[in-house]
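This report looks at how two protein chains meet and at what surrounds a DNA strand. The structure is shown first.

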2 protein chains.
Amino acid sequence: MTTRKSSEERRREIADAAIKIIGERGLREFTAAQIAREVGIKDGTIFRHFKNMNEITGAVLDRVQELLVSAPRSTGDPLERLESFVLSRLHSVATQPGLQSLIFSDQISHALGDEGPRRVAALRDRGRAFVRSCLCEAAEKDLLRDDLDIESAVVLVTGMVMGFLFAAKDEALPAPVGEMEKRVWMTLRSMLERTQVKS
Amino acid sequence: MTTRKSSEERRREIADAAIKIIGERGLREFTAAQIAREVGIKDGTIFRHFKNMNEITGAVLDRVQELLVSAPRSTGDPLERLESFVLSRLHSVATQPGLQSLIFSDQISHALGDEGPRRVAALRDRGRAFVRSCLCEAAEKDLLRDDLDIESAVVLVTGMVMGFLFAAKDEALPAPVGEMEKRVWMTLRSMLERTQVKS
DNA sequence: CCTCGGCTAGCAAGTATTTGCTAGATATAG
DNA sequence: CTATATCTAGCAAATACTTGCTAGCCGAGG
């Protein structure tokens, strides 16, 4: 009564199970046996679909990239683009904490084999690059405060997502996450914008 | 020719070695054998000083707390206090990345036994509480923008430290970390302060 | 001063379990 | 029937932890 699935389908199931395990139970449980149990097969069968654990971590990174980097918009008002990017990240943090913790944890990259650190760093860099491009364009269009240091702002924006991630996890937010997502972003946005002029 | 040390001394050595290993090589290497090698003893000897691995993780948390929470000032200008707190954290990030990654990684808390998550969350909460108290006092003294949402600002400040941590790690900063520490903080500070008035 | 004995850190060599991974047999979908 | 997904069974290495013995430290008695 065993259910047979195509290798391609199983590979995705295995990658998703791995993501779930890492997010929920931590790296220590990221083992072939645990993944197999989650998927509903025996641990040995895992290696009929993947050559070794390293290949699984590669698939995990591919999948994270696929799930998280949902092609940010490249048109329209730069601050609107940034807003939709940030809000989408904040939302993914609130709904799938495991995903985000895969990116914002150097521990993960340690555990993800040799090229793990570089790949995860590259993922983070893509996010930073997008934020930077939005901010630069906004600056050109004179939408930001005159004295704003773009590079610092990039750190602030990307950091905000992380700060939100942990605040939500620690239940340190004074209001429901859905509400706080917008509230935090609006606070940052108003601080970036040139809604106020120098005295 | 074996070097004997007091249990108290060894316990600290073991905790420090564990911190070093976690920070540099990741959770996967956080094992009795690796710690023992780092300290220079056999793995079995570890358990002459600790009952089990869980007790080691407890000691690790104690040590992190001891090293990181260096009694933030409670007097003086609230924004100055906040600045010294943030700069000290940024500096510890730059110099001892392992320490910070122990706090800002939910993976660690997963691996740190049953009470691990709660203890790490409590550490983070202490940081947030300090930031919040500084900001509240600053708001009372009318040092901040009128429309500033304190709770959002807490997320921004704590998140900034994390954003800086990863930017530094990924070498995504356009200037040396020592310089960027102040630059990023000054950017955030000027955005929080009421240096500008509404038009 | 020496020396003797209790205390205990240390090591070597175990334990049972889990790790990643392989080989061969079996069952099932196309 | 063919192809292959799956299971069973097994491996060596690593895991946390234990045990028996060794040997260094330190304080008391002579």
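Two residues are counted as in contact if their C-beta atoms, placed from the backbone, lie within 7 Å. The model is a predicted one. On that basis, the contact between the chains takes 44 residues from chain B and 44 residues from chain A. On the side of chain B that touches chain A, at least two residues each come from helix H7 (106-111), helix H8 (116-140), helix H9 (150-169), helix H10 (177-192) and strand E1 (196-198) of chain B. H9(B) gives the largest share of this side, 14 residues.

The table below sets out the class make-up of three surfaces.

| Surface | Nonpolar | Polar | Charged |
|---|---|---|---|
| Side of chain B that touches chain A | 19 residues | 13 residues | 12 residues |
| Contact of H9(A) with H9(B) | 12 residues | 6 residues | no residues |
| Surface near DNA strand C | 6 residues | 8 residues | 7 residues |

**Symmetry of the pair**

Two copies of a chain are related by a rotation about an axis and a shift along it. Here a turn of 180° with a shift of 0.0 Å along the axis lays chain B on chain A with an RMSD of 0.2 Å. This is the relation of a two-fold axis. Within chain B, Gly159(B) has the C-alpha nearest the axis, at 2.2 Å from it. Both copies use the same surface, as 98% of the contact residues of chain B recur in chain A.

**The H9 crossing**

The axes of helix H9 (residues 150-169) of chain A and of H9(B) come within 6 Å and cross at roughly 115°. H9(A) is therefore roughly perpendicular to H9(B). The crossing of H9(A) past H9(B) is right-handed. Residues of H9(A) that make this contact include Val155(A), Leu156(A), Gly159(A), Met160(A), Gly163(A) and Phe164(A). From H9(B), the contributors include Val155(B), Leu156(B), Gly159(B), Met160(B), Gly163(B) and Phe164(B). Gly159(B), whose C-alpha is the one in chain B nearest the axis, is thus named again in this helix contact. No charged residues take part in the contact of H9(A) with H9(B).

**Around the DNA**

Which residues are the closest to DNA strand C? Of the 21 residues that surround DNA strand C, the closest are Thr31(A), Gly44(A), Asn52(A), Ser7(B) and Gly44(B). In chain A, helix H2 (32-39) and helix H3 (43-49) each supply at least two residues of the surface near DNA strand C. In chain B, helix H1 (7-25) and helix H3 (43-49) each do so.

Conventions
Residues numbered from 1 in each chain as written. Chains lettered and ligands numbered in written order. Predicted model: local features only at pLDDT ≥ 70, side-chain atom pairs only at ≥ 80, totals over all residues. Near = placed C-beta within 6 Å. Helix = DSSP H or I, 4+ residues; strand = E, 2+ residues; numbered from the N terminus. Nonpolar A, V, L, I, M, F, W, Y, C, P; charged D, E, K, R; others polar. Least-squares fit on C-alpha atoms with pLDDT ≥ 70 in both. Axes fitted to C-alpha atoms, helices over the stretch in contact; angles between N-to-C directions. Parallel < 35°, antiparallel > 145°, perpendicular 65-115°, else oblique. Left-handed = near helix turned anticlockwise from the far one by under 90°.
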